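Here are my notes on the model you sent round. They go from the overall fold down to single side chains.

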Amino acid sequence: MMRPYADNVWIELEPLPTQTASGLFIPQQSRAGARGSRMATVVASGPGHYRQRRDGANGTRDSVFIPNETKPGDRVIVDAMAGQAVQGLELELSLPRHNPHGDFGDSRIVREAEILAIISSDG
């Protein structure tokens, strides 16, 4: 099992719909460079991250811990191009976050700040 670090969140994208409720087929939306948002489910969420804070009056610095708000099982909305694909639990750690040729896959690692919304289950 993989455990995200800091403010990273491991998500599983929900499949794109292929047909409307009335029976119309929806054209393929996963082409390279596609924009929009996607629904996803949180698999695991890191603990959070530290942010440096400086007091302007006397110039002192301290760190403030900011915990992640997401938890496993949350349904979220993310940008269609957000994050880095997780391919068989292997990440290319020698490169910055990237998605070669727009091929994302169903699992991604995103920063919590890249999550647009958490969908509430209480209506």
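How many helices and how many strands does the secondary structure of the chain come to?

1. **Overall make-up.** The chain has zero helices and eight strands. Keep in mind that this is a predicted model. From the N terminus on, the elements run β-β-β-β-β-β-β-β. The chain has 123 residues, and 30% of them count as buried. Take the contacts between residues at least 6 apart in sequence: 68% of them join residues at least 24 apart.

2. **The sheet.** Six strands make an open sheet, with antiparallel pairing. Their order is E6-E7-E1-E2-E5-E8. Strand E6 (84–85) and strand E8 (115–119) are the edges, and each pairs on one side only. As background, strands of a sheet pair through backbone hydrogen bonds, either parallel or antiparallel.

3. **Strand E5 and its neighbours.** Strand E2 (residues 37–45) and strand E5 (residues 75–79) pair in the antiparallel sense, over five bridges. Met39 has Ile77 of E5 as its bridge partner. Ser37 has Asp79 of E5 as its bridge partner. E5 is also joined to E8, by four bridges, and these two run antiparallel. Here the bridge partner of Arg75 is Ile119 in E8.

4. **Two faces of E5.** Which residues of E5 are on the covered face, and which on the uncovered one? Val76 and Val78 make up the covered face. Arg75, Ile77 and Asp79 make up the uncovered one.

5. **Nonpolar cores.** The largest nonpolar core has 10 residues: Val9, Ile11, Leu13, Ala40, Val42, Val76, Val78, Ala82, Val110 and Ile115. E1, E2 and E5 each supply at least two residues of this core. The largest share, three residues, comes from E1. Another core, of five residues, lies apart from it. Among its members are Trp10, Ala44, Val86 and Ile109. In general, nonpolar side chains tend to be buried together in soluble globular proteins.

6. **Salt bridges.** The count comes to three salt bridges. Arg111 pairs with Asp7, with the closest N and O atoms 2.7 Å apart. Arg111 is in strand E7 and Asp7 in the segment before E1, so this pair ties together parts that are 104 residues apart in sequence. Arg111 is partly exposed, at 35% relative accessibility. Asp7 is buried, at 12%.

7. **The other two pairs.** Arg75 forms a salt bridge with Glu14, and the closest N and O atoms are 2.9 Å apart. Arg75 is in strand E5 and Glu14 in the loop between E1 and E2, so the pair ties together parts that are 61 residues apart in sequence. Both residues are partly exposed: Arg75 at 34%, Glu14 at 22%. Lys71 forms a salt bridge with Asp74, with the closest N and O atoms 3.1 Å apart. Asp74 counts as buried, because its relative accessibility is 11% and the cut-off is under 20%.

8. **Glu112, buried and without a salt bridge.** Glu112 sits in the loop between strand E7 (107–111) and E8. Glu112 is buried yet has no salt bridge. The nearest side chain of opposite charge is Arg51, 9.2 Å away. What does the side chain of Glu112 have 2.9 Å from one of its polar atoms? The backbone nitrogen of Thr70 lies there. Glu112 also touches other residues farther along the sequence, including Asp7, Val9, Pro67 and Asn68.

9. **Asn68, a neighbour of Glu112.** Asn68 is in the loop between strand E4 (61–67) and E5. Asn68 counts as buried, at 14% relative accessibility. The side chains of Asn68 and Ser45 share a polar contact of 3.1 Å. A polar atom of the Asn68 side chain also lies 2.9 Å from the backbone oxygen of Gly46. The residues that Asn68 touches include Ala6, Asp7, Pro47, Gly48 and Glu112.

10. **Ala6.** Is Ala6 buried or exposed? Ala6 is buried, with a relative accessible area of 15%. Ala6 lies in the segment before strand E1 (8–13). The phi of Ala6 is near 55°, a positive value in a residue other than glycine. Ala6 is also one of the residues that Asn68 touches.

Methods:
Residues are numbered from 1 along each chain as its sequence is written. This is a predicted model: local features need pLDDT of at least 70, side-chain atom pairs count only at pLDDT 80 or more; totals for chains, interfaces and linings use all residues. Side-chain values use heavy atoms; hydrogens and water are left out. Buried means under 20% relative accessible area, exposed over 50%, partly exposed in between (1.4 Å probe, protein chains only). Two strands pair if DSSP finds at least two bridges between them. Lys and Arg count as positive and Asp and Glu as negative; His and the chain ends are not counted. A salt bridge is a side-chain nitrogen of Lys or Arg within 4 Å of a carboxyl oxygen of Asp or Glu. A polar contact is a pair of N or O atoms within 3.5 Å; within protein, one must be able to donate a hydrogen and the other to accept it, and residues adjacent in sequence count only if both atoms are side-chain atoms. Contact means heavy atoms within 4.5 Å. A nonpolar core is a set of buried Ala, Val, Leu, Ile, Met, Phe, Trp, Tyr and Cys residues joined through side-chain atoms within 4.5 Å. Lists of a residue's contacts leave out its neighbours within four places in sequence.
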